[in-house]
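Hi everyone, thanks for making time this morning. I'd like to walk you through a structure that may be new to most of you, so please have it open in front of you.

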Amino acid sequence: MNPNPSPTEIRLHKGSHILVLAFEDGAEFRLPCEYLRVYSPSAEVRGHSPDQARLQVDKERVNITDIRQIGNYAVKLCFDDGHDSGLYDWGYLYKLGRAWQPLWQNYLTRLREAGHSRAAPDPFERLIAEGTVPAVLPA
């Protein structure tokens with residue numbers, strides 16, 4: 001297995017706020033825009049160290065407005081809330097897809113602990129209820 005697979009397809013479903021990523025190793029991920037926004041690799045979100053990370057709230061309805069390829073290694077996702085910093089390299093996108101369950105649960109826990117709640121249905125639960133698997137991993 002290639003330790004750094006490249007995507008073969010990146011497709012945005014604007015209506016459902018889902019980014020579909022297919023990778024050369026056969027992995028395919030369906031990632032909600034909210035999830036991608038709250039896990040932005042930008043310094044604005046992650047900080048320059050873990051203690052500087054900023055919890056992102058009220059991002060339930062965020063959508064992607066533009067996807068810009070950066071060389072052969074990353075994309076820049078532009079969101080309709082104005083956020084457009086941070087490069088999502090292939091390895092990071094793959095990690096977000098592969099580890100969506102623990103990462104999403106970690107986000108929901110941090111949100112609760114900070115006294116916030118989400119104002120919309122869980123996007124991953126919605127995908128699953130529709131019969132869509134958020135992650136298909138290679139055999």
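I'll take the sheets, then a helix, and then a pocket.

One thing to keep in mind as we go: this is a predicted model.

Let's begin with the sheet that holds the start of the strand numbering. It is an open sheet of 4 strands, in the order S1-S2-S3-S7, and the pairing is antiparallel. Which strands sit at its edges? They are S1, residues 7–13, and S7, residues 135–136, and each of them pairs on one side only. If you look at S7, you'll see that S3, residues 28–32, pairs with S7 in the antiparallel sense, over 2 bridges. To find the spot on your screen, go to Phe-29, whose bridge partner in S7 is Ala-135.

Now for the other sheet. Here 3 strands form an open sheet in the order S4-S5-S6, again with antiparallel pairing. The edges are S4, residues 64–70, and S6, residues 87–89; each has a single partner strand, so one side of each is left without a neighbour in the sheet. From one strand to the next, the twist averages 30°. S4 and S5, the latter covering residues 74–79, run antiparallel and are joined by 6 bridges. A handy landmark here is Ile-64, which stands opposite Phe-79 in S5.

As a quick reminder for anyone new to sheets, strands pair through backbone hydrogen bonds, either parallel or antiparallel.

Next, please find helix H3, residues 90–98. H3 lies across S1, S2, S3 and S7, running at about 80° to S3. H3 also lies across S4, S5 and S6, at about 80° to S6. So which residues of H3 are buried? They are Trp-90, Tyr-92, Leu-93, Tyr-94, Leu-96 and Gly-97. At the start of H3, have a look at Asp-89: one of its side-chain oxygens reaches to within 3.0 Å of the backbone nitrogen of Gly-91.

That brings me to the pocket. The largest pocket holds about 260 Å³ of space. How many residues line it? The lining has 19 residues, and those nearest the centre are Tyr-39, Arg-46, Ala-53, Tyr-92 and Arg-110. Three helices, H2 (43–46), H3 and H4 (100–113), are the elements that give two or more residues to this lining. Notice that Tyr-92 has come up before: this residue is on the list of buried residues of H3, and Tyr-92 is also among those nearest the pocket centre.

That's my tour, and I'm happy to take questions.

Technical notes:
Residues are numbered from 1 along each chain as its sequence is written. This is a predicted model: local features need pLDDT of at least 70, side-chain atom pairs count only at pLDDT 80 or more; totals for chains, interfaces and linings use all residues. Side-chain values use heavy atoms; hydrogens and water are left out. Two strands pair if DSSP finds at least two bridges between them. Contact means heavy atoms within 4.5 Å. Axes are lines fitted to C-alpha atoms, for helices over the stretch in contact, and angles run from 0 to 180 degrees between N-to-C directions. Buried means under 20% relative accessible area, exposed over 50%, partly exposed in between (1.4 Å probe, protein chains only). A polar contact is a pair of N or O atoms within 3.5 Å; within protein, one must be able to donate a hydrogen and the other to accept it, and residues adjacent in sequence count only if both atoms are side-chain atoms. On a 1 Å grid over the protein atoms alone, a cavity is a set of points where a 1.4 Å probe fits but cannot get out, and a pocket is an open set with protein on both sides within 12 Å along at least five of seven lines; lining residues have an atom within 4 Å of a point. Grid points are joined across faces, edges and corners, and a volume is the space filled by probe spheres set on the points.
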